[in-house]
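Here is a briefing on the model shown below. Read it with the structure open.

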Amino acid sequence: MDYVVITPEQFEVSDWSGGSTTQLYIDPAGDDFKKRQFAIRLSSATFTSTGSTFSDFSGYQRMIFPLVGSLSVDHSDQGKPLYARQLKPYEIENFSGSWTTESTNTEDCVDFNLITRDDLVSHTTVLREAADYAPHHAGTLLLYSRSAFSVEAKEKKSEETTQVSVDKGCLLKITESAILYHLHVTPGDEPVVIGEVSAVEE
């Protein structure tokens, strides 16, 4: 299995209009997300106030949910109201990065964001207890938890397994391949979030 564990010391912290954001992963590596040229970006943000306006990410799809606290989002598109939604921890919201999104949040809110280019397919799963996960074999898996967790990976036509223990707050990145059969993920005290990103199927 082709994988790497990314530690918090390798994350990048920067300011945004409503607080600070910690970038856990970006592809291509080393890209400046402000240039809007990346394919995938995974981050977690804190807030300096209880209200903010999300940055414009036209050309991208977004996924967000609170890890801690609560977060409300109110979407509009070119001045036309769409819908509003209040999110509790680990309740996922998917939306277009081109929409105008106003948010309100509790003071302790810590959110989790996955932004992917429009020509990619992304899917997010939250595992609260041990479970199998079947990769789609054509992209990138990003696994994160606020507590330590473990992963056992099996490959086709092989009796061998790869076991990975991930410390709390670290990110496990797995590059999918045709022989990667399935994963068995065992969370700790907190759920494990799995983000899978792949190219659009023809």
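Histidine 75 lies in strand β7. The model is predicted. In it, histidine 75 has 0% relative accessibility and so counts as buried, the limit being under 20%. The points below start from this residue, move out to its sheet, and end with the whole chain and some backbone exceptions.

**Histidine 75 and its surroundings**

- The side chain of histidine 75 makes a polar contact with that of glutamate 93, at 2.8 Å.
- Setting aside residues up to four places away in sequence, histidine 75 touches Pro81, Leu82, Tyr83, Glu93, Phe95, Trp99, Thr100 and Thr101.
- Glu93 is thus named twice: as a contact of histidine 75 and as its side-chain polar partner.
- Threonine 101 in β10 is the bridge partner of histidine 75.

**Serine 76, the next residue**

- Serine 76 also has its place in strand β7.
- Its relative accessibility is 18%, so serine 76 counts as buried, under the 20% limit.
- Beyond its neighbours within four places in sequence, serine 76 is in contact with Pro81, Leu82, Trp99 and Thr100.
- Pro81, Leu82, Trp99 and Thr100 also appear among the contacts of histidine 75.

**The sheet around β7**

- Which strands make up the open sheet, and in what order? There are four, in the order β5-β10-β7-β8, and the pairing is antiparallel.
- β5 (51–53) and β8 (80–87) are the edge strands; each has a single partner, so one side of each lacks a neighbour in the sheet.
- From one strand to the next, the twist averages 15°.
- Strands of a sheet pair through backbone hydrogen bonds, in either a parallel or an antiparallel sense.
- β7 (residues 71–77) and β10 (residues 100–105) pair in the antiparallel sense over six bridges.
- β5 and β10 also run antiparallel, and three bridges join them.

**β10, between two partners**

- Serine 103 in β10 is the bridge partner of valine 73.
- On the β5 side, serine 52 stands opposite serine 103.
- What lies on each face of β10? The covered face holds Thr101, Ser103 and Asn105. Thr100, Glu102 and Thr104 form the uncovered one.
- Thr101, on the covered face, is the residue that bridges to histidine 75.

**Tyrosine 60**

- Tyrosine 60 lies in strand β6 (residues 60–68).
- Is tyrosine 60 buried or exposed? Its relative accessible area is 3%, so tyrosine 60 is buried.
- Leaving out residues up to four places away in sequence, tyrosine 60 touches Arg36, Gln37, Phe38, Ala39, Ser96, Gly97, Ser98, Ile115, Thr116, Arg117 and Asp118.
- Valine 4 and tyrosine 60 are 56 residues apart in sequence; their C-alpha atoms are 25 Å apart in space.

**The whole protein**

- The secondary structure comes to zero helices and 19 strands.
- The radius of gyration is 17 Å, which agrees with the value near 17 Å for a compact globule of 202 residues.
- Along its principal axes, the C-alpha trace spans about 55 × 40 × 30 Å.
- Of the 202 residues, 46% count as buried.
- Among contacts with a separation of 6 or more, 72% come from residues 24 or more positions apart.
- The accessible surface comes to about 10300 Å². Carbon and sulfur atoms account for 46% of that surface.

**Backbone exceptions**

- Most residues other than glycine have a negative phi, and most peptide bonds are trans.
- Which peptide bond is cis? The one joining aspartate 27 and proline 28, where omega is about 5°.
- Proline 28 lies in the loop between β3 (19–27) and β4 (40–47).
- Glutamine 78 is not a glycine, yet has a positive phi of about 55°.
- The loop between β7 and β8 holds glutamine 78. With a relative accessible area of 80%, glutamine 78 is exposed.
- Tyrosine 90 also has a positive phi, near 70°.
- Tyrosine 90 has its place in the loop between β8 and β9 (93–96). At 9% relative accessibility, tyrosine 90 counts as buried, whereas glutamine 78 is exposed.

Technical notes:
Residues are numbered from 1 along each chain as its sequence is written. Side-chain values use heavy atoms; hydrogens and water are left out. Two strands pair if DSSP finds at least two bridges between them. Helices (H or I, at least four residues) and strands (E, at least two) are DSSP runs, numbered from the N terminus. Axes are lines fitted to C-alpha atoms, for helices over the stretch in contact, and angles run from 0 to 180 degrees between N-to-C directions. Buried means under 20% relative accessible area, exposed over 50%, partly exposed in between (1.4 Å probe, protein chains only). A polar contact is a pair of N or O atoms within 3.5 Å; within protein, one must be able to donate a hydrogen and the other to accept it, and residues adjacent in sequence count only if both atoms are side-chain atoms. Contact means heavy atoms within 4.5 Å. The radius of gyration is taken over C-alpha atoms; the globule rule is 2.2 Å times the number of residues to the power 0.38. Accessible areas come from the Shrake-Rupley method with a 1.4 Å probe; for residues, only the protein chains shown count as cover.
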